[in-house]
Amino acid sequence: MTLLDRRSILFSGLALGAMASTPSFARRRGFFARHGLPVGVQLYTVGAEAAKDLDGTLARLAAIGYRTVELAGLHGHKATELRQAAHKAGLRFTSIHLHATARGQEPGIDSDPARVAVEMNILGIKDVVLPLMPWPEGGRPKAGEGFGDYLARIAATPGGDIWKRTAALLNARGALLKREGLRLGYHNHNVEFAPVDGRTGFDILMAETDPALVSFEMDAGWVVAAGLDPIVLLRRYPRRFRQMHVKDVLDSTVPNFAIKQDPTEVGSGIIPWAKLLPAAYAAGIQRFYVEQEPPFAGPKFDALTKSFAYLTRQI
C-alpha cells in the first residue's frame, strides 16, 4: 500500500472546485443520484442526542436529507422504540455496530445469535459490524499511556496474535449469524494498519477471515489517518468491502496508528471523494454512511448538514 499523496489530493480538490463552478459540471447528476443510492449516516456522530431525544434526533437527520442510518448499538433504547422512531421519521436502519461482548442491555457479537436475530429483525437490519478488535482481557494502558497509544502498542505486538484471534472470532460468529440470516462485518480504525512482522493487522484479518462469512466496512477517514490511500486498499482487496464510512480529515492529521485524527466535514478535508466514491462503488460498496469524529468546530447537526450538501451537490 502506498502512502497517501496529500499534495495531489489537495490539488485535485482545487481542480474539482474549479470544475464545480462551470455550468456543465453543475448540471451533472451527483454520485448518489446517478446510482440511485441514499446518503446514510452513522448515528455515533450524534449518539448522545439520540439517547436523550430519539424522535427529535431522527427527525432532524431526515430533514437534512439522510435516508438510511447505521446504529452504534441500541443507543439506550429498545429495538421496538428505535423501529417506531425510524418509521415516524421516514428513515431505515440498515446496519449496526455491536461490540465483541454484550454490555448490559446492549447485545454483543458474543450474544445468543437467535436473540441478536430477533432484535435485528425488529430493526430491519441484516448487517452487523464489529467496530474494533477486542483487546486482551485484563489489558490496560501503562502509566501515562493514552488508550489509543495502548491499542497501537498491542496491535503491533510481534506475531499478530490479537489479529489472528479477532479473525477467528469473526469467522466463528459470522457462521452463527449467517444461519440466522445476518451478515457480519468488521470496521477499521487505524490501529489495524500498524506493521506486524512485515505485514499489518489488516492484512492478517483479510488473509484469515472467510469471505463467505465476513465482510469489511471501510472507514475512509481512519485509512487516511494511517497514512494510506483508500483507493489502493480497495484495489488490493477487491470485493471484500461491503460498506463505507464517509469521513474526512484535515491536512494537519499526522499519520499514526493510535486512534488520532483531525476531523472535519466531508468535502472540507483532503480526501478526493469524486475519485474515491466511484472506486468504492466499482469495488462492490453500495452503502455509505457519513460519520464525523469529535471535536466539532460547531454544532454536530450543522456539520452533518454541510457533509450532506457536499455529497449531494458537488460530486
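**A tour from helix α5 to strand β4**

In this predicted model, begin by selecting helix α5 (residues 54-64) together with helix α6 (residues 79-89), whose axes come within 9 Å and cross at roughly 35°. Two packed helices are described by the angle between their axes and the distance between the axes. The handedness of the crossing of α5 and α6 is right-handed.

Next, show the side chains where these two helices meet: on the α5 side select L54, D55, L58, A59 and A62, and on the α6 side select E81, L82, A85, A86, K88 and A89. The residues of this contact divide into 8 nonpolar and 3 charged, with no polar ones.

Keep α6 displayed and move on to helix α7 (residues 113-123), in which P113, V116, A117, E119, M120 and L123 are buried. To see what covers these buried residues of α7, add the elements around them, which include β2 (68-72), α6, β3 (92-97), β4 and α9 (161-179). Just after α7, select G124, which takes a positive phi of about 80°.

From there, continue to strand β4 (residues 127-130) and select D127, which is found in that strand. Is D127 buried or exposed? D127 counts as buried because its relative accessibility is 2%, and buried means under 20%. Now bring up R287, whose side chain is joined to that of D127 by a polar contact of 2.7 Å. To complete the surroundings of D127, select the residues that D127 touches, leaving aside those up to four places away in sequence: T94, S95, I96, R183, R242, Q243 and R287.

How values were computed:
Residues numbered from 1 in each chain as written. Predicted model: local features only at pLDDT ≥ 70, side-chain atom pairs only at ≥ 80, totals over all residues. Heavy atoms only, no water. Helix = DSSP H or I, 4+ residues; strand = E, 2+ residues; numbered from the N terminus. Buried < 20%, exposed > 50% of the residue type's maximum accessible area, 1.4 Å probe, protein only. Polar contact = N/O pair within 3.5 Å; in protein donor to acceptor, adjacent residues only side chain to side chain. Contact = heavy atoms within 4.5 Å. Axes fitted to C-alpha atoms, helices over the stretch in contact; angles between N-to-C directions. Left-handed = near helix turned anticlockwise from the far one by under 90°. Nonpolar A, V, L, I, M, F, W, Y, C, P; charged D, E, K, R; others polar.
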